[in-house]
Every structure is written in structure tokens, then in C-alpha cells.
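Me: Please take a close look at one sheet in this protein and walk me through it. Then place it in the rest of the chain.

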Amino acid sequence: EQRVVIVGAGLAGAGTAARLREQGFDGKIALVGAEPHRPYDRPPLSKDLLLGKAESADLDFDFAALGVDLLLGRAATGVLTGERVLNTDAGPLPYDHLVLATGAEPVTLPGTGALPGVHVLRTLADARRLKPVLDARGSVVAVGAGWIGAEVATAARLAGCRVTVVEAAHQPLAGVLPAEVGAPMRRWYADAGAELRTGHPVTAVRDGEVELADGTVLGADAVLVGIGSRPATGWLRDSGIPLEPDGSVRADAGLRTGVPGVYAVGDCASFPSARYGRRLLVHHWDNALTGPSTVAAGILGGTAAHDPVPYFWSEQFGRYVQYAGYHEPADALVRRGDPAGGDAAWSVCWLREGVLRALLTVDRPRDLAQGRRLIERATPLDPERVADPSVPLKAA
Ligand code: FAD
């Protein structure tokens, strides 16, 4: 009987188990997870869960019915690829097929890991540690005006906390969006009553305290560090499984690692995108949702390829922000709607040679849905019509 061992009991890991059964795999499946909790979903951690609108966010899988052995509270420590054995802190597990789905972990600031007043937000435990600060209407300083910083600032303001967000760059989301796209988002912070301090590199984070380059010291009941995430692959260092410089497991289009029997999926894996002509490392929910069917097909001897149009959403300051595709600085930026002129809903499209490559939408979900299909089909568009927000994108 064939044995699949899946490491990482998040969306990608749990989804792989489910897709395997759907596609007819009838061997053994073990799902190994370092956290003690049953597999849960992460997006609610910075949204409903933090606000007390939800207690938990369990993923909707019936593992007993799927015949999946859940091995929780058990961390993988290494792989012996020659012997096909996964080592864990509770003993070795032999496999025929191994699926790496260990996700990502937050980038932290050195020396802050054990400080009670310093937080990150990746796990249910992190959310449960941060929530009491919001419940008590404590003060929050977020380091980093990225997706997590913005969502935590949103929740903290809704809870009635005093909120300051400090950002080294000059506008929110500087790591992922050009300045002219991120700049109008400054107002969202102000309108929500959150103070946004941009252009201020943080020089030190101490317990409940952030020091900025200009010498300012901001005290808070909780300092949230939201400066990005990286693949949780440190445990693979000596395994011989190829990793990229960004820490991701190097997978091919079929999400195979090149090591016999070993696959990688979700936040921990990068893959070559034929669509975008480059390797992508995607830290978004949709990628962890869709990757597993490719892995399952591969294990069952098929040849599926994972080349999605990356998709992401964020709920911040009462707005629904969505992004699809992948853009590069050379792509032509076309605005639909003018946030500076007072439009509350707007989109930005990136085109290359008249073909849509990516788009960001703010409260324009129809643009997103249509744009995503246009990207998939590489349909040529008229940039002048794209720039007219009254023309549906699909008619541009
Ligand atoms: P994970 O969900 O990280 O699961 C990996 C699991 O592996 C973890 O449970 C981890 O404990 C476990 N693990 C790690 N190392 C080991 C080991 N050595 N042994 C055993 N187990 C191990 N995306 C969106 O598109 N929209 C959103 O609004 C959004 N909101 C988010 C909010 C928050 C607070 C966070 C943290 C993420 C959010 N994301 C969002 C991103 C999305 O949640 C991730 O892309 C998705 O969870 C990736 O799934 P995964 O299964 O690859 O990894």
C-alpha cells in the first residue's frame, strides 16, 4: 500500500489530502502539523477572529471520513530522501510520496521573540495572544504598513484602540505597489483614526516600545511586527532538497522538487510560471487552495501544471482590496477612477503590449472578476477604454 506523508496541516496540506481522495488515491495519508490545533484558515486571524466575531476558523474537512491520520503537535525536523523517511520530533515516518506544505513564518526582529509586548500574527496562538489587547482597548503600534499591518490597524481601531503604524517607506504597501498606487491609501489610515508615520525606519523594538531613526520612542501595550513572511523551510536545510535564495522549495510546474517522490505546495514553494515567464513565490490563500490538485494528480501519475493567475484579497479600513496577476515596473499603469479626485472605488491596471497583466481593485469586485479572466485569456484591450471606469473592463 502506497503511503503519502504531508508535512504542514494548513490549507495546502489539508487540501492535498482531500484532493488525493477525490482523485482516487486509496493508500495511506498522514497529515503532520506542528501546531496542536486542528487545521484552520488564516485570513480570519487578522479579521473576524481578532474582533471576536468568530471563535475559530477550522477548515471544513472531515479527516475521519477522508481516512487521513492527523498527527498534530508534531514537527518535522528533516528528510532522509534516499531512505524516503521524514524525521519528526516524535520519531521517523516512512513515505512513498512526501508533500512539503509547511507554509511561511513571519519575519521577526532579532531579540524580540520572547518579549510579551511584541507580537507577530501568523497562527491561532498569535491571534489569541493579541486579542486581549484589543479587548482591553490597549494601544497598538504596528511596525510595517503592509497587508497585516493594515488589517490589524483596522481591527484595533474598530475595537477602540489607539493605533500608530510606522513604515520605513513613504507610503503603505511600498514593497508590492508603486508609490502612486499606494499613496492614496494614506488617507484610509487617517479616516479610520489611525496615525500613519511613513519614512521612519525603526531602529529598535523593545518590550512594548518602538524607537524610530529620528529618536522618537513610541510606547504601546502591543507592538505588532508585520514586516513580511518567508517560507518555513529552515528544517529542510540539510535534506538536499533544493531551496531558492528566498528560502522557498524549488518546485517545477508540476510542483515536484526533483527529488524522487517529493512535492511542495502553498506558501513554502516557488514554481515556474509560463504565463509570467518567471519563478513565482506566492503567499496567498488562493495559491494554497489551487496547488493541491496538481500535487494530487502528480502522485497519481498524471501531469498537471500549476500556473494560476495569482489572486489575493484584503479587507482594510472598510474597503475590499483585491489584486490579481503579477506586474513588473516596466508594465504600463492605467488608472480606472481617480482616488485623488475623490473616487472612493477605483482600480489600477497593468498592461504590457495592450494585454492585461495584473490589476488592483478597491471596492470594484466586478473589475477584478472580469480582469482575472482577461489575464487568463491574454485578451488585447484598448488602454483608453480601460481608463474609463464607466466602461466594463470586459468591453474595453
Ligand atoms: P500555512 O497556512 O502557513 O500552513 C502551514 C502549516 O505548516 C502551519 O500550520 C505550520 O504550523 C505547519 N508547519 C510549519 N513548519 C512545520 C514543521 N517543520 N513540521 C510540521 N508542521 C509545520 N491570503 C489572502 O489571499 N487573503 C487574505 O486576506 C489573507 N489574510 C491573511 C491573514 C493572516 C493573519 C495570515 C497569517 C495570512 C493571510 N493570508 C491571506 C495568507 C494565507 O493565509 C496563506 O497564503 C495560506 O495560509 C497558505 O497556506 P499554506 O497551507 O501554504 O501555509
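Reply: Start with two neighbouring strands. Strand S11, residues 163–167, pairs with S12, and the pairing is parallel, over 4 bridges. Take one bridge as an example. Glutamate 167 has threonine 198 of S12 as its bridge partner. Keep in mind that this is a predicted model.

Now add a helix. Helix H4 spans residues 147–158 and packs on the sheet. Helix H4 touches strand S10 (140–143), S11 and strand S16 (222–225). Compare directions next. The direction of helix H4 makes about 165° with that of S11.

Step back to the whole sheet. The sheet is open and has 5 strands. Read across it, the order is S9-S16-S10-S11-S12. The pairing is parallel. Look at the two ends of that order. Strand S9 (118–119) and strand S12 (195–198) stand at the edges. Each has a single partner strand, so one side of each is left without a neighbour in the sheet.

Next, the domains. The domain assignment splits the protein chain into domain 1 (3–105 + 229–299), domain 2 (108–225) and domain 3 (318–395). Note that domain 1 is written as two segments. Domain 1 and domain 2 have C-alpha centres 29 Å apart. They do meet: 10 residues of domain 1 are in contact with 14 residues of domain 2. On the domain 1 side of this meeting, 5 residues are nonpolar, 2 are polar and 3 are charged.

Use another sheet for contrast. This open sheet has 3 strands in the order S4-S5-S6, and its pairing is antiparallel. Its edge strands are strand S4 (76–80) and strand S6 (91–94), and each pairs on one side only. Neighbouring strands here are turned by 25° against each other on average, direction ignored. S4 and strand S5 (residues 85–88) pair in the antiparallel sense over 4 bridges. In one of these pairs, valine 79 has leucine 86 of S5 as its bridge partner.

Now turn to the ligand. There are 36 residues around it, and Gly8, Gly10, Arg42, Gly103 and Gly266 come nearest. Which elements give two or more residues to this shell? They are helix H1 (11–22), strand S2 (28–33), helix H7 (285–299) and strand S22 (311–316). By class, the shell has 20 nonpolar, 11 polar and 5 charged residues. Domain 1 and domain 2 each supply at least three residues to the shell.

Finally, see what the record says. UniProt, in an unreviewed entry, places the feature "domain: FAD/NAD(P)-binding" at residues 3–279. Over that span the chain is 18% helix and 30% strand. Its end C-alpha atoms are 30 Å apart. The unreviewed UniProt entry also has the annotation "domain: Reductase C-terminal", covering residues 311–396. That span is 20% helix and 38% strand, with end C-alpha atoms 21 Å apart.

To recap the sheet you asked about: 5 strands, open, with parallel pairing. Helix H4 packs on it. S9 and S12 stand at its edges.

How values were computed:
Residues are numbered from 1 along each chain as its sequence is written. This is a predicted model: local features need pLDDT of at least 70, side-chain atom pairs count only at pLDDT 80 or more; totals for chains, interfaces and linings use all residues. Domain bounds come from an automatic or database domain assignment. Two residues are in contact if their C-beta atoms, placed from the backbone, lie within 7 Å. Ala, Val, Leu, Ile, Met, Phe, Trp, Tyr, Cys and Pro count as nonpolar, Asp, Glu, Lys and Arg as charged, and the others, Gly among them, as polar. Two strands pair if DSSP finds at least two bridges between them. Axes are lines fitted to C-alpha atoms, for helices over the stretch in contact, and angles run from 0 to 180 degrees between N-to-C directions. A residue is near a molecule or strand if its C-beta atom, placed from the backbone, lies within 6 Å of it. UniProt positions are given in the numbering used here, feature names are shortened, and annotations may be inferred rather than shown by experiment.
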